[in-house]
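Student: Please take a close look at one loop residue in this model, beginning with where it sits along the chain, and then work outward from there to the strands, the ligand and the overall fold.

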Amino acid sequence: MTTSFHIGDVVCAIIECDGKFLIARRPKGKHLARKWEFPGGKVEAGESEAEALERELLEELDVRVEIVERLTPVEHSYPDRSLRLIAYRCRIAAGVPDAGEHEELRWIGIDKASEYDFPEADLPILAEYRMKIVAATGDPQKTV
Ligand SMILES: Nc1nc2c([nH]c(=O)n2[C@@H]2O[C@H](COP(=O)(O)OP(=O)(O)OP(=O)(O)O)[C@@H](O)[C@H]2O)c(=O)[nH]1
């Protein structure tokens, strides 16, 4: 039997630009290798969510962002670990995203999200995000 441990809070960013948002492909060898995700990572002890997001986005993409909105946290258990995933809608304040450790970066519209293999924990986040976009624009193909 595998034991599942709680890794704690993970923050991630839905970075919006020109009607699209940024997704990143996890590299081989990591948990959920080759899945598409939102850039981010674990909140370290003593850090706020916003501080963790700022640190992770600088480390991973070399960008600074401004936060637009916090989405509903998602508790999820994978076979080997559980976590709480907290997504923030953001805009770039400085820099151009650099793939760094990620295999690839891609800007997509919400209407294309179903074509990408996301981790299970991201699915409720994508659903909430899509509802917000539709409520704001009346159009599932646009971001605001
Ligand atoms: N960054 C990120 N992690 C996610 C997402 N969805 C999801 O289940 N996770 C999981 O959250 C956990 C933490 O992510 P991470 O591996 O990027 O965090 P990290 O950089 O702090 O960890 P590391 O130092 O072990 O590499 C991983 O188990 C990852 O699979 C997502 O959209 N973005």
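Tutor: Aspartate 62 is found in the loop that leads from helix H1 (49-61) to strand S5, and what follows is read from a predicted model. Its backbone deserves attention, since aspartate 62 takes a positive phi of about 65° although it is not a glycine. As to its surroundings, aspartate 62 has 14 other C-beta atoms within 10 Å, and because that count falls between the limits of 12 for exposed and 20 for buried, the residue is classed as partly exposed.

A second aspartate invites comparison. The phi of aspartate 18 is near 50°, again a positive value in a residue other than glycine, and aspartate 18 is found in the loop between S1 and S2. That loop belongs to a hairpin formed by S1 and S2, with two residues between the strands. The setting of aspartate 18 is described by 7 C-beta neighbours inside 10 Å, so this residue counts as exposed, whereas aspartate 62 counts as partly exposed.

The hairpin leads into the pairing of strand S1 (5-17). Strand S1 runs antiparallel to strand S2 (residues 20-25), and two bridges join them; in this pairing glutamate 16 has phenylalanine 21 of S2 as its bridge partner. Strand S1 also pairs with S4 in the antiparallel sense, over three bridges, and here valine 10 is bridged to lysine 42 in S4. With S7, by contrast, S1 pairs in the parallel sense, over ten bridges, and cysteine 12 finds its bridge partner there in alanine 87.

These strands also bring us to the ligand. There are 15 residues around the ligand, and those that come nearest are Glu37, Gly41, Lys42, Pro119 and Ala121. Two or more residues of this shell are given by each of strand S1 (5-17), strand S4 (40-42) and strand S7 (81-94), with S4 giving the most, namely three residues. Lysine 42 therefore appears in two roles, as the partner of valine 10 in a bridge and as one of the residues that come nearest to the ligand. By class, the shell contains eight nonpolar, three polar and four charged residues.

Two further residues help to place the neighbouring strands. Serine 82 lies in strand S7, and with 15 C-beta neighbours inside 10 Å it counts as partly exposed. Leaving out residues up to four places away in sequence, serine 82 touches Ser4, His6, His76 and Ser77. Arginine 34, on the other hand, is 48 residues from serine 82 in sequence and 19 Å from it in space, C-alpha to C-alpha.

Proline 73 is found in the loop between strand S5 (64-70) and strand S6 (74-77). It has 16 other C-beta atoms within 10 Å and is partly exposed. When its neighbours within four places in sequence are left aside, proline 73 is in contact with Arg84, Leu85 and Ile86. For leucine 85, the separation from proline 73 is twelve residues in sequence and 5.6 Å in space, taken from C-alpha to C-alpha.

Seen as a whole, the protein has two helices and eight strands, and along the sequence these follow the pattern β-β-β-β-α-β-β-β-β-α. Among contacts between residues at least 6 apart in sequence, 68% join residues at least 24 apart, while buried residues make up 28% of the 144 residues. A compact globule of 144 residues would have a radius of gyration near 15 Å, and the value for the protein, 15 Å, agrees with this. Taken along the principal axes, the C-alpha atoms fill a box of roughly 45 × 30 × 30 Å.

Finally, an annotation from a record can be laid over this picture. An unreviewed UniProt entry lists residues 4-131 as "domain: Nudix hydrolase". In the model the span of residues 4-131 is 17% helix and 42% strand, and its end C-alpha atoms lie 32 Å apart.

Definitions and conventions
Residues are numbered from 1 along each chain as its sequence is written. This is a predicted model: local features need pLDDT of at least 70, side-chain atom pairs count only at pLDDT 80 or more; totals for chains, interfaces and linings use all residues. A residue is near a molecule or strand if its C-beta atom, placed from the backbone, lies within 6 Å of it. Helices (H or I, at least four residues) and strands (E, at least two) are DSSP runs, numbered from the N terminus. Ala, Val, Leu, Ile, Met, Phe, Trp, Tyr, Cys and Pro count as nonpolar, Asp, Glu, Lys and Arg as charged, and the others, Gly among them, as polar. The radius of gyration is taken over C-alpha atoms; the globule rule is 2.2 Å times the number of residues to the power 0.38. Two residues are in contact if their C-beta atoms, placed from the backbone, lie within 7 Å. Two strands pair if DSSP finds at least two bridges between them. UniProt positions are given in the numbering used here, feature names are shortened, and annotations may be inferred rather than shown by experiment.
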